[in-house]
Amino acid sequence: MVVQDDLRTLIRDIPDFPEPGILFRDITPLLGDAAGFARALDWFAALPSARGATAIVGIESRGFIFAAPLAAHLGVGFVPVRKEGKLPHAAHAAEYTLEYGESILEIHQDALSAGDRALVVDDLLATGGTARAAARLVEMTGATLTGLAFLIELGGLDGRALLPDRPVDALITY
């Protein structure tokens, strides 16, 4: 796909970051390229899981970069999923496992309701723990999860395995 190839050239590989042996996919060049960033947002907006969504849920923090402008583009609300203790109102919480430990994500209990259809957006799908926790949070609110969408998927880490029966889309797979 032309969009994938064009945008892949705007993602920089940083070896040994944040620690030795890790190859970090740096999206800042893509974000700094107005046309590339717009093409990425257009890809998200064209997904079947985005059509009919009443809210776009972004996962802290890089997911916000794509989710908030996507929500504005689609004319729907943006809902943040944040790390534990960052939301000021009553929140649902979900624990998840990272490559390097465990953590907790939260969503405001009143952020979504039974009539809402929510698309979860993040920059990266790796092992799937964060994405699964975000999907569970959407479901805790009573909303319908339309799918999960990522700019990048690290296919070798098989994050999709933690998301069975949920639509998952990724623009670029490494």
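Is Arg-12 buried, partly exposed or exposed? Arg-12 is partly exposed, with a relative accessible area of 41%. Keep in mind as you read on that this is a predicted model.

## Salt bridges between S1 and S2

Let's stay with Arg-12 for a moment. Its partner is Asp-26, and the two form a salt bridge whose closest N and O atoms are 2.7 Å apart. Asp-26 sits in strand S2 (residues 23–26) and Arg-12 in strand S1 (residues 12–15), so this pair links distant parts of the chain, 14 residues apart. Asp-26 is the buried end of the bridge, because its relative accessible area of 11% falls under the 20% cut-off.

Now look at Asp-13 and Arg-25, whose side chains also meet in a salt bridge, 2.7 Å from N to O. Asp-13 belongs to strand S1 and Arg-25 to strand S2, so this pair ties together parts that are 12 residues apart in sequence. Asp-13 counts as partly exposed at 38% relative accessibility, while Arg-25 is buried at 19%.

## Another salt bridge, and the count

Further along the chain, Glu-153 forms a salt bridge with Arg-160, and here the closest N and O atoms are 2.9 Å apart. Glu-153 is buried, with a relative accessible area of just 6%. Arg-160 is partly exposed, at 36%.

How many salt bridges does the count come to? The count comes to 6 salt bridges, and the three pairs with Asp-26, Asp-13 and Glu-153 are among them.

## Rings that meet rings

Aromatic side chains pair up here too, and the count comes to 5 aromatic pairs. One of them is Phe-37 with Phe-66, an edge-to-face pair with 5.7 Å from centre to centre and 65° between the planes. Phe-37 lies in helix H3 (residues 34–46) and Phe-66 in helix H4 (residues 62–74), so the pair ties together parts that are 29 residues apart in sequence. Phe-66 counts as buried, at 0% relative accessibility.

Phe-64 and Phe-78 are also edge-to-face, because their ring centres are 5.6 Å apart and their planes stand at 85°, which is over the 60 degrees needed. This pair links distant parts of the chain as well: Phe-64 is in helix H4 and Phe-78 in strand S4 (residues 77–83), 14 residues apart. Both rings are partly exposed, Phe-64 at 23% and Phe-78 at 31%. Elsewhere, ring pairs link Phe-37, Trp-43, Phe-44 and Phe-66 into a cluster.

## Charges over Tyr-174

Which residue has its charged end over the ring of Tyr-174, 3.6 Å from its centre? That's Arg-25, which you have already met as the salt-bridge partner of Asp-13. Arg-8 lies over the face of Tyr-174 too, at 4.8 Å from the ring centre.

## A look at His-73

His-73 lies in helix H4. Is His-73 buried or exposed? His-73 counts as exposed, because its relative accessibility is 52% and the cut-off is 50%.

Leaving aside its neighbours within four places in sequence, His-73 is in contact with Asp-42 and Ala-45. The C-alpha atoms of His-73 and Leu-41 are separated by 8.5 Å, although the two residues are 32 places apart along the chain.

## The sheet and its helices

Time to zoom out. An open sheet is built from 7 strands in the order S5-S6-S4-S3-S7-S8-S9, with mixed pairing. Strand S5 (91–98) and strand S9 (168–173) stand at the edges with a single partner strand each, so one side of each is left without a neighbour in the sheet. On average, neighbouring strands are turned by 25° against each other, direction ignored.

Strands of a sheet pair through backbone hydrogen bonds, either parallel or antiparallel. S4 and strand S6 (residues 101–108) run antiparallel and are joined by 2 bridges. Lys-83 stands opposite Leu-105 in S6.

Helices pack on this sheet too. H3 touches strand S7 (117–125), strand S8 (144–153) and S9, and its direction makes about 150° with that of S8. Helix H5 (residues 129–140) lies across strand S3 (55–59), S4, S5, S6, S7 and S8, running at about 160° to S5.

Methods. Residues are numbered from 1 along each chain as its sequence is written. This is a predicted model: local features need pLDDT of at least 70, side-chain atom pairs count only at pLDDT 80 or more; totals for chains, interfaces and linings use all residues. Side-chain values use heavy atoms; hydrogens and water are left out. A salt bridge is a side-chain nitrogen of Lys or Arg within 4 Å of a carboxyl oxygen of Asp or Glu. Helices (H or I, at least four residues) and strands (E, at least two) are DSSP runs, numbered from the N terminus. Buried means under 20% relative accessible area, exposed over 50%, partly exposed in between (1.4 Å probe, protein chains only). Rings of Phe, Tyr and Trp (its six-membered ring) pair if their centres lie within 6.5 Å; planes under 30 degrees apart count as stacked, over 60 as edge-to-face and the rest as tilted. A charge sits over a ring if NZ of Lys or CZ of Arg is within 6 Å of the ring centre and within 35 degrees of the ring normal. Contact means heavy atoms within 4.5 Å. Two strands pair if DSSP finds at least two bridges between them. Axes are lines fitted to C-alpha atoms, for helices over the stretch in contact, and angles run from 0 to 180 degrees between N-to-C directions.
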